[in-house]
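Welcome! Take a moment to turn the structure around on your screen, and then let us walk through it together.

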Amino acid sequence: MSQYAKYECLKVEVADKVAIVTLNRPQARNAINQKLIRELRTIWDDLADDHAVNVVVLTGAGEFFSVGGDVKAMSERPGGDVLEEGEVHDPMISRRGVTRQLELDKPIIAAINGDAIGLAATHALLCDITVMADDARIGDTHVSRVGLVAGDGGTVIWPLLVGINKAKEFLIRGTLLKGVEAERIGLVNHVVPRVEVLTKAREIAIELANGPTWAIRWTKLSINQIVKDRVNMLLEASMALEQVTFETADHKEATMSFKEKRKPRFGRG
């Protein structure tokens with residue numbers, strides 16, 4: 001049995017020293033529920049230990065990369081999209097999801113085949129090289145869509161890629177950027193037609209998989225020290241503030257208006 005058979009929300013295929021890791025909840029537009037978020041914490045350790053893998057490609061099943069959290073579940077209880085009933089939120093679990101991805105020394109290529117929203121955008125942008133469909137959208141809508149601080153990694157990676165002021169605007173307004181614009185401002189590396197995304201990502205992956213292994217891995221790890229410094233500086237505080245906003249009236253209004261398919265009315269206490 002494959003060591004990846006235990007995964008329910010991820011599909012992992014290994015060939016030619018490349019692992020294709022697919023977010024595999026197409027019936028839910030690959031929304032990140034509690035099971036998927038847990039699997040995204042452990043997959044990086046399993047890939048690190050797999051000597052048949054030199055490079056990883058992260059993509060989504062179907063038409064979406066991932067729409068992020070399940071807002072309807074959030075409307076029923078705080079953290080309802082990522083926590084079991086009665087489970088206490090532990091910010092260190094979310095932190096490990098970020099740090100384990102950053103600590104994998106093997107290059108990770110994001111094949112952003114469709115919309116990547118919220119936490120899904122964070123995981124895509126934490127990859128080392130990004131290939132995005134020209135008609136896909138990427139953005140972090142924690143603030144605008146659900147009234148939460150963008151605390152699970154968005155405040156770390158967006159300023160590093162596009163600068164502080166652009167990051168503040170994009171995060172506060174929940175801007176969704178098409179692939180062409182995302183490439184123009186340096187948010188992603190490559191933009192291609194949707195049907196070519198996985199092909200382009202695999203092409204880069206094969207090149208790296210057959211390159212000078214340790215020079216590639218250690219160069220990645222050296223540069224990732226910059227990202228890890230930002231994680232150490234920001235992540236605990238931003239996750240704590242995100243948790244506080246779960247208790248605000250704005251968050252409750254955002255999730256209820258989403259469930260009821262109406263425009264939210266913020267600022268009512």
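The crossing of helices H6 and H10 is right-handed. This is a predicted model, so please read every value here as computed from predicted positions. Two packed helices are described by the angle between their axes and the distance between the axes. Here H6, which spans residues 154-162, packs against H10, residues 213-245, at an angle of about 140°, and their axes are 8 Å apart. That angle makes H6 oblique to H10, because only values over 145 degrees would count as roughly antiparallel.

Which residues of the two helices meet? On the H6 side they are Thr155, Val156, Ile157, Pro159 and Leu160, and on the H10 side they are Ile226, Val227, Arg230, Val231, Leu234, Leu235 and Ser238. Sorted by class, this contact between H6 and H10 holds nine nonpolar, two polar and one charged residues.

H6 also has a buried set, made up of Gly154, Val156, Ile157, Trp158, Pro159 and Val162. Val156, Ile157 and Pro159 belong to this buried set, and they also take part in the contact with H10. H10 is one of the elements that cover the buried residues of H6. The cover also includes helix H4 (119-125), strand S7 (137-139), helix H7 (164-173) and strand S8 (177-178). Just after H6 comes Gly163, with a positive phi of about 95°.

Positive phi values turn up in other places too. Lys17 has one of about 70°, although Lys17 is not a glycine. You will find Lys17 in the loop between strand S1 (10-15) and strand S2 (18-23). Lys261, another residue other than glycine, has a positive phi near 60°, and Lys261 lies in the segment after H11. Are these two lysines buried or exposed? Lys17 is partly exposed, because its relative accessible area is 34%, whereas Lys261 counts as exposed at 79%.

Now let us step back to the whole protein chain. The chain has eleven helices and nine strands. Of its 269 residues, 51% count as buried. Among the contacts with a separation of 6 or more, 73% join residues that are 24 or more positions apart.

Some single residues help to make this picture concrete. Ser66 sits in the loop between strand S3 (55-60) and helix H2 (71-76). Ser66 is buried, because its relative accessible area is 0%. Beyond its neighbours within four places in sequence, Ser66 is in contact with Leu23, Arg29, Asn30, Ala31, Ile32, Asp115, Ala116, Ile117 and Ala120.

One of those partners, Asp115, is found in the loop between strand S4 (108-112) and strand S5 (116-117). Asp115 is buried as well, with a relative accessible area of 10%. Leaving out residues up to four places away in sequence, Asp115 touches Glu63, Phe64, Phe65, Ser66, Ala136 and Arg137. The C-alpha atoms of Asp115 and Ala133 are 8.8 Å apart, with their positions 18 residues apart in sequence.

Arg25 belongs to the loop between S2 and helix H1 (34-48). What does Arg25 touch, leaving aside its neighbours within four places in sequence? Its contacts are Cys9, Asn30, Ala31, Asn33 and Leu36. Asn30 and Ala31 also appear among the contacts of Ser66. Arg25 counts as buried at 16% relative accessibility.

Asp250 has its place in helix H11 (residues 249-260). Not counting residues up to four places away in sequence, Asp250 touches Phe266 and Gly267. The C-alpha atoms of Asp250 and Leu148 are separated by 8.4 Å, although these residues are 102 residues apart along the chain. Asp250 is partly exposed, with a relative accessible area of 31%.

Here are some accessibility values side by side.

| Residue | Relative accessible area | State |
|---|---|---|
| Cys9 | 6% | buried |
| Cys127 | 8% | buried |
| Arg25 | 16% | buried |
| Asp250 | 31% | partly exposed |

The cysteines in the table lead to a last topic. A disulfide is a covalent bond between the sulfur atoms of two cysteines. How many disulfides are there, if a pair of cysteine sulfur atoms must lie within 2.5 Å? The count comes to zero disulfides.

Notes: Residues are numbered from 1 along each chain as its sequence is written. This is a predicted model: local features need pLDDT of at least 70, side-chain atom pairs count only at pLDDT 80 or more; totals for chains, interfaces and linings use all residues. Side-chain values use heavy atoms; hydrogens and water are left out. Axes are lines fitted to C-alpha atoms, for helices over the stretch in contact, and angles run from 0 to 180 degrees between N-to-C directions. Helices (H or I, at least four residues) and strands (E, at least two) are DSSP runs, numbered from the N terminus. Angles under 35 degrees count as roughly parallel, over 145 as roughly antiparallel, 65 to 115 as roughly perpendicular and the rest as oblique. A crossing is left-handed if the near helix is turned anticlockwise from the far one by less than a right angle, and right-handed if clockwise. Contact means heavy atoms within 4.5 Å. Ala, Val, Leu, Ile, Met, Phe, Trp, Tyr, Cys and Pro count as nonpolar, Asp, Glu, Lys and Arg as charged, and the others, Gly among them, as polar. Buried means under 20% relative accessible area, exposed over 50%, partly exposed in between (1.4 Å probe, protein chains only). A disulfide is a pair of cysteine sulfur atoms within 2.5 Å.
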